[in-house]
Amino acid sequence: MKRVCLPLWVLVMLTVCGGVAKAQWSLSPEFGMAAVKPAYAGSDWRSKVKLGIGVEYGFLPGVFSIKSGLYYTQRGNKDSDLIYSHTEDNTMDVISIMHESNRGFLQLPVLANFLFPLNEDIRLNLAAGAYIAPVLHKSWSYGGGYYKPYPDNGYSGAQWGYVYYDGSGTYHQPHLPGFDWGLSFAAGIEVKNVLVNVGYDYSLGEKESGWGPLAIGTNYHTFTLSVGYKFRLGDSKK
């Protein structure tokens, strides 16, 4: 039994060491646009940006690599509702509200990447994995139209108006989580050193809310289109 296992073990070790020896690092600055949609009914797609630098470590030449990097990404939502509520002194009835939030993240993905060479200069790739993303900054605004009766001074009728809060106070301050995580998927093409990537992020972090914390669940859907340039730091080809 030992005579059979020993050569197999040595063969496995040589294969792994040979793969590592041929491994290649690369850096890829990228810039792109994102389409972001909160995961609740009635929400709209919003345009955002994505930029950063990718890091790739190739284990098997032209077959498999691990992708990571650091990216600045944006997410946020904008929605409005019709409500009817009285203020404490019963002098103003709020009849509509608008809430808008914006957050910037530093996103760190880890993806398993599979390569499909078409010829010497063109390769396709498919990647899947996960990401974590702490918040770098966040802002919000809140506004509402109101119907305010005139004082009892012999006149009838009422006046319309609008109130606006820019995030400096605490009035109806929304719950904006400071951390996000989820799944990432990507597909792309490399033409020599030029990259074009399409990505999808499925946010599973704590859900954003206009009224308070919500449970962990689907929060955002994000599609990205980015371009970049790959600087190879190891062998000339993976």
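This briefing walks through the fold, the surface and some side-chain pairings of one protein chain. The model is a predicted one. Its secondary structure consists of 1 helix and 10 strands, and along the sequence the helix comes before the strands, in the pattern α-β-β-β-β-β-β-β-β-β-β. Keep the structure open as you read, and try to find each residue as it comes up.

**The chain as a whole**

- The chain has 238 residues, and 35% of them count as buried.
- About 13700 Å² of the chain's surface is accessible, and carbon and sulfur atoms make up 67% of that area.
- How much of the contact in this chain is between residues far apart in sequence? Among contacts with a separation of 6 or more, 64% are between residues 24 or more positions apart.

**Salt bridges**

- How many salt bridges does the structure have? The count is 6.
- One of them joins Glu56 and Lys230, whose closest N and O atoms are 2.8 Å apart. Glu56 belongs to strand S2, while Lys230 sits in the loop between strand S9 (220-229) and strand S10 (231-232), so to speak a link between distant parts of the chain, 174 residues apart.
- Are Glu56 and Lys230 buried or exposed? Glu56 has a relative accessible area of 4% and is buried; Lys230 is buried as well, with a value of 1%.
- Another salt bridge brings together the side chains of Asp180 and Arg75, with 3.5 Å from N to O. Here, too, distant parts of the chain are linked: Asp180 is in strand S7 (residues 179-191) and Arg75 is in strand S3 (residues 64-86), 105 residues apart.
- Asp180 is buried because its relative accessible area is 2%, under the 20% cut-off. Arg75 also counts as buried, at 1% relative accessibility.
- A third example is the pair Arg123 and Glu190, whose side chains meet at 2.6 Å, N to O. Arg123 is in strand S5 and Glu190 is in strand S7, so this salt bridge ties together parts 67 residues apart in sequence.
- Arg123 and Glu190 are both buried.
- Some of these residues belong to a wider arrangement: a network of salt bridges links Glu56, Arg123, Glu190, Lys230 and Arg232.

**Aromatic rings**

- The structure contains 9 aromatic pairs.
- Which residues do ring pairs link into a cluster? They are Trp25, Tyr57, Phe59, Phe64 and Phe114.
- Rings also meet charges here. Lys50 has its charged end over the ring of Tyr71, 4.8 Å from the ring's centre.
- Arg75, already met in the salt bridge with Asp180, also lies over the face of Phe105, 4.9 Å from the ring centre.

**A nonpolar patch on the surface**

- Which residues form the nonpolar patch on the surface? Trp25, Leu27, Ile53, Val191, Val194, Tyr229, Phe231 and Leu233 do, and together they have about 720 Å² of accessible area.
- Trp25, one of the patch residues, is in strand S1 (residues 24-38). Trp25 counts as partly exposed because its relative accessible area is 46%, which falls between the 20% and 50% cut-offs.

**Three residues to look up**

- Arg46 is part of strand S2 (residues 46-60). Arg46 counts as buried because its relative accessibility of 17% is under the 20% cut-off.
- Beyond its neighbours within four places in sequence, Arg46 is in contact with several residues, including Ala34, Val36, Gly76, Lys78, Glu100 and Asn102.
- Leu126 is located in strand S5 (residues 122-149) and is partly exposed, with a relative accessible area of 47%.
- Leaving out residues up to four places away in sequence, Leu126 touches Ala112, Asn113, Phe114, Phe116, Ala186 and Ala187. From Leu126 to Leu111 the C-alpha distance is 9.5 Å, and the two are 15 residues apart in sequence.
- Ser139 is also found in strand S5. Ser139 is partly exposed, at a relative accessible area of 38%.
- Which residues does Ser139 touch, not counting those up to four places away in sequence? They are Glu100, Ser101, Asn102 and Leu176.
- Ser139 and Gly104 are 35 residues apart along the chain, and 9.2 Å separates their C-alpha atoms.

Technical notes
Residues are numbered from 1 along each chain as its sequence is written. This is a predicted model: local features need pLDDT of at least 70, side-chain atom pairs count only at pLDDT 80 or more; totals for chains, interfaces and linings use all residues. Side-chain values use heavy atoms; hydrogens and water are left out. Helices (H or I, at least four residues) and strands (E, at least two) are DSSP runs, numbered from the N terminus. Buried means under 20% relative accessible area, exposed over 50%, partly exposed in between (1.4 Å probe, protein chains only). Contact means heavy atoms within 4.5 Å. Patches are made of residues with over 30% relative accessible area and no salt bridge: like charges are joined within 9 Å, nonpolar side chains (Val, Leu, Ile, Met, Phe, Trp, Tyr) within 5 Å. Accessible areas come from the Shrake-Rupley method with a 1.4 Å probe; for residues, only the protein chains shown count as cover. A salt bridge is a side-chain nitrogen of Lys or Arg within 4 Å of a carboxyl oxygen of Asp or Glu. Rings of Phe, Tyr and Trp (its six-membered ring) pair if their centres lie within 6.5 Å; planes under 30 degrees apart count as stacked, over 60 as edge-to-face and the rest as tilted. A charge sits over a ring if NZ of Lys or CZ of Arg is within 6 Å of the ring centre and within 35 degrees of the ring normal.
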